[in-house]
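Student: I should like a close look at one part of this structure, namely its salt bridges. Please go through them in one connected account.

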Amino acid sequence: MDEHFLSAERDLLRIATAGSVDDGKSTLIGRLLYETQAIFTDHLAEIERASQRQGEVALNLALLTDGLRAERTQGITIDVAYRYFATKNRRFVIADTPGHMQYTRNMVTGMSTADVAIILLDASRGITEQTRRHAVLTALLRVPHLVVCVNKMDLVAYDESSFRPIEEEFGAFFHEVGTADITIIPVAALQGDNITVSSSLMPWYTGPTLLDALNTVPRAVARVGGSARFPVQWVSRPKVGAYDTRRTYAGTVAGGELRPGDAVVLQPVGLSTHINTIETFDGPIANASAPQSVNITLTDELDVDRGDLLSAAALPAVVGQCIEAIICWFAMTPLQMNGRYLLKHTTRTTRAVANALEYRLDIATLNHLPATALAMNDIGLVKLRTAIPLCYDSYTQNRITGSFILIDERTNETAGAGMII
């Protein structure tokens, strides 16, 4: 692996993948890691031995990503696995998510922070119900960029007439459900065609390779929104006798950009003030943008607590205790009406009650189905009431201030993830 992966000088792009069983997703990711030399020598040696034990003639690149023993035995992806690689100008984190319907919650977890989604499908089978499910989840989670890899082109003799109908059908379907920028690439992951090098077997395709597409896609500012948002994580109060008696507020910028002198409003109380200084470990800086972690001082002495939000004065967040959200349910115990949960939103945690379940979403058809509860992996529109006000945006505006998790008070387990509408 590139020893300079963690260098702050290169842009970091977060990728999430999805694909149906046997579409070759693990092989594609393995090929990408292999050809970018992102594999430790001892790991590669272990994969070579595992390939030999399974009777493989060539290196089984799928084993590079199927890290769990159960995954290697069954030949499927179960959990979300994170893989890392880098090129000259960009670093990448891949969330390899399972494509099975019963692991929808795992896919939601991986997609929730992605800048790019890679959806894989088999050229010999075309678009399946699972492909549509993956596309809908990508749209729901507002992943800004989508790369569709039509894999196993070798099984259709690298024929353009097999690729173009899939390209047209997927483009038309996704236009109905999402607005992400789409790139559709014909590939053969097993042989490496159009993964990092253009394939001579598909001269009719003149678009980018997968690596070219990932290297050039703009990093999405939509992931953190455009208006300034700063959830306060820690308050450092002055001490008697200290040299520096300023009260500072530590946290991570959750949207937009902050500069000294900017007018901000402290929410939920609604008090106006200005930013005095912005500092990091290395000293004062002229501006801070999402997702940078900084310390902030204000021009006025206000009573600021953890969980409060500093917002751009011109475009503050919404403040309220009644919210509507699309919720993906994670827990074995179903979401029940009037059920009580802990709700964690940015740096604030409060109690919440599920007042109403408007519908359960059929991901395959997009139909709204009547329901009285959400079972594990179900997705539905829920109305909640919180014990104290939240300062939030819609998920379409900001994926940080527009999202939350629900926690089971009895077990302390994450029960569900919500996207505020």
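Tutor: In this predicted model, glutamate 169 is partly exposed, with 37% relative accessible area. Its side chain forms a salt bridge with that of arginine 132, at 3.2 Å from N to O. The two residues lie 37 positions apart, arginine 132 in helix α5 and glutamate 169 in helix α6 (residues 160-177), and their pairing links distant parts of the chain. Arginine 132 is likewise partly exposed, its relative accessibility being 26%.

A second pair joins arginine 125 to aspartate 23, with an N to O distance of 2.4 Å. Because arginine 125 belongs to the loop between β4 and α5 (129-140) and aspartate 23 to the loop between β1 and α1 (25-35), this bridge ties together parts 102 residues apart in sequence. Aspartate 23 is buried, at 2% relative accessibility, whereas arginine 125 is partly exposed, at 45%. Both residues also belong to a network of salt bridges that includes Asp122 and Lys152.

A third pair consists of aspartate 11 and arginine 90, whose closest N and O atoms are 2.8 Å apart. Aspartate 11 lies in strand β1 (residues 11-19) and arginine 90 in strand β3 (residues 90-96), so the contact ties together parts separated by 79 residues in sequence. Here arginine 90 is the buried partner, with a relative accessible area of 6%, while aspartate 11 is partly exposed, at 27%. These three pairs are among the 16 salt bridges that the structure holds.

Key
Residues are numbered from 1 along each chain as its sequence is written. This is a predicted model: local features need pLDDT of at least 70, side-chain atom pairs count only at pLDDT 80 or more; totals for chains, interfaces and linings use all residues. Side-chain values use heavy atoms; hydrogens and water are left out. A salt bridge is a side-chain nitrogen of Lys or Arg within 4 Å of a carboxyl oxygen of Asp or Glu. Helices (H or I, at least four residues) and strands (E, at least two) are DSSP runs, numbered from the N terminus. Buried means under 20% relative accessible area, exposed over 50%, partly exposed in between (1.4 Å probe, protein chains only).
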